[in-house]
Amino acid sequence: MEKKLTLTKKERFSIALRHQYLQGSWNYERMQNGGWAFSIIPAIKKLYPKKEDQVAALQRHLEFYNTHPYVSSPVMGVTLALEEDRANGVPVDDAAIQGVKVGMMGPLAGVGDPVFWFTARPILGALGASLALTGSIAGPLLFFVVWNIMRFGFMWYTQEFGYNVGTKITQDLSGGLLGKITQGASILGMFIIGALVKRWVSISFTSIVSSVPQQDGAYIDWANLPAGAEGIKKALEQYSALGPNALNVDKVTTLQQNLDMLIPGLAAVLLTLLCCWLLKKKVSPIVIILALFVVGILARLGGIM
């Protein structure tokens with residue numbers, strides 16, 4: 001009976017150490033694929049003794065990949081389990097492995113930013129800064145030590161969790177569990193991406209739809225303001241009471257204001273869907289990025305945006 005190939009804890013720990021450099025070769029076309037491939041190389045060498053199998057494994061892990069660098073660890077753990085079972089003859093194809101990666105990276109990316117960047121790190125930073133303000137060297141040391149212990153501890157234990165769960169997933173391939181997990185993760189990821197489009201994508205059409213003279217008292221009469229600080233104070237009070245339209249004699253309405261009154265964020269959603277459609281049509285991300293730059297510059301020069 002042929003001996004089963006298994007990744008030892010030492011080998012998995014080596015992968016976790018490498019996984020810290022996930023963004024070391026970040027690029028605009030496939031994002032974190034280089035760092036991911038670098039991380040998983042020890043597993044590929046252990047599981048696939050033949051050179052051609054190693055090349056094939058490395059190629060499938062050089063596909064597009066992008067998520068929060070810390071919550072990428074459970075994705076790595078599940079992927080290690082899938083690769084391990086594949087090397088032992090379980091029918092796990094390239095599409096299944098890539099599907100799990102893509103299906104998990106979206107939802108986890110939406111979790112990583114608020115937990116680490118917007119909660120844990122600011123709290124530790126504020127604690128360290130408060131100690132540093134008293135002249136204590138413990139402030140920066142506390143932040144550096146506690147943050148890195150917490151960061152790597154999370155990465156290691158979630159990778160192990162993903163590895164153990166991933167083994168159970170591959171044991172139930174015949175029941176379609178892998179497909180259900182991938183589908184569910186994809187649906188959740190689409191919800192999160194949809195919610196974050198408004199935050200990530202910003203489009204403002206500056207084309208003027210109408211310009212109507214305002215009545216006296218609806219705008220700041222700059223010529224009749226008192227001199228000095230008193231005039232500045234009165235102008236600020238009027239601006240606070242009347243709003244942005246108080247700065248000009250004419251009330252200007254832009255195309256963006258009309259669109260926001262209908263469906264806020266509509267242009268951002270349409271642009272996102274267009275980019276997704278282009279990616280589906282195999283258009284290079286680099287081409288899309290350059291096209292957005294060109295269109296944005298021309299629209300700015302033309303007074304459209």
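In this predicted model, the buried residues of helix α1, which spans residues 9-19, are Arg12, Ile15, Ala16 and His19. Viewed down the axis of α1, these buried residues fall within an arc of 100°, so they line one face of the helix.

The segment that precedes α1 contains Leu5. With a relative accessibility of 25%, Leu5 counts as partly exposed, since the buried class is limited to values under 20%. When neighbours within four places in sequence are left aside, Leu5 is in contact with Lys46, Leu47, Glu84, Ala87 and Asn88. The C-alpha atoms of Leu5 and Asp85 are 8.4 Å apart, although 80 residues separate the two in sequence.

Several of these partners recur in the packing of helix α2 (residues 33-47) against helix α4 (residues 72-87). The two helices pack at an angle of about 25°, and their axes are 11 Å apart. Angles under 35 degrees count as roughly parallel, and α2 and α4 are therefore roughly parallel to each other. Their crossing is right-handed. On the α2 side, the contact is made by Trp36, Ser39, Ile40, Ala43 and Leu47; α4 contributes Ser72, Val75, Met76, Thr79, Leu80, Glu83, Glu84 and Ala87. By residue class, the contact of α2 with α4 comprises eight nonpolar, three polar and two charged residues. Leu47 of α2, together with Glu84 and Ala87 of α4, takes part in this contact, and Leu47, Glu84 and Ala87 are also among the residues touched by Leu5.

Two residues in the stretches around these helices are buried. Gln54, located in helix α3 (residues 51-60), has a relative accessible area of 18% and is buried. Beyond residues up to four places away in sequence, Gln54 touches Ile44, Lys45, Tyr48 and Pro49. Val71 belongs to the loop between α3 and α4 and, at 4% relative accessibility, also counts as buried. Contacts of Val71, again not counting residues up to four places away in sequence, are formed with Leu108, Ala109, Gly112, Phe116 and Phe154. Val71 and Val111 are 40 residues apart in sequence, and their C-alpha atoms are 8.0 Å apart in space.

A further buried residue, Thr272, lies in helix α10 (residues 266-280). Its relative accessible area is 19%, which places Thr272 within the buried class because the cut-off is under 20%. Not counting residues up to four places away in sequence, Thr272 touches Val197 and Val201. The C-alpha atoms of Thr272 and Val201 are separated by 7.8 Å, with these positions 71 residues apart along the chain.

Backbone geometry was also examined. Most residues other than glycine have a negative phi. Met31, in the loop between α1 and α2, is a residue other than glycine with a positive phi, near 60°. Lys282 likewise is not a glycine, yet has a positive phi of about 70°; this residue is placed in the loop between α10 and α11 (285-301). The two positions differ in solvent accessibility: Met31 counts as buried at 17% relative accessibility, whereas Lys282 counts as exposed at 76%.

Note on methods. Residues are numbered from 1 along each chain as its sequence is written. This is a predicted model: local features need pLDDT of at least 70, side-chain atom pairs count only at pLDDT 80 or more; totals for chains, interfaces and linings use all residues. Side-chain values use heavy atoms; hydrogens and water are left out. Axes are lines fitted to C-alpha atoms, for helices over the stretch in contact, and angles run from 0 to 180 degrees between N-to-C directions. Helices (H or I, at least four residues) and strands (E, at least two) are DSSP runs, numbered from the N terminus. Angles under 35 degrees count as roughly parallel, over 145 as roughly antiparallel, 65 to 115 as roughly perpendicular and the rest as oblique. A crossing is left-handed if the near helix is turned anticlockwise from the far one by less than a right angle, and right-handed if clockwise. Contact means heavy atoms within 4.5 Å. Ala, Val, Leu, Ile, Met, Phe, Trp, Tyr, Cys and Pro count as nonpolar, Asp, Glu, Lys and Arg as charged, and the others, Gly among them, as polar. Buried means under 20% relative accessible area, exposed over 50%, partly exposed in between (1.4 Å probe, protein chains only). The arc is that of the directions from the helix axis to the C-beta atoms.
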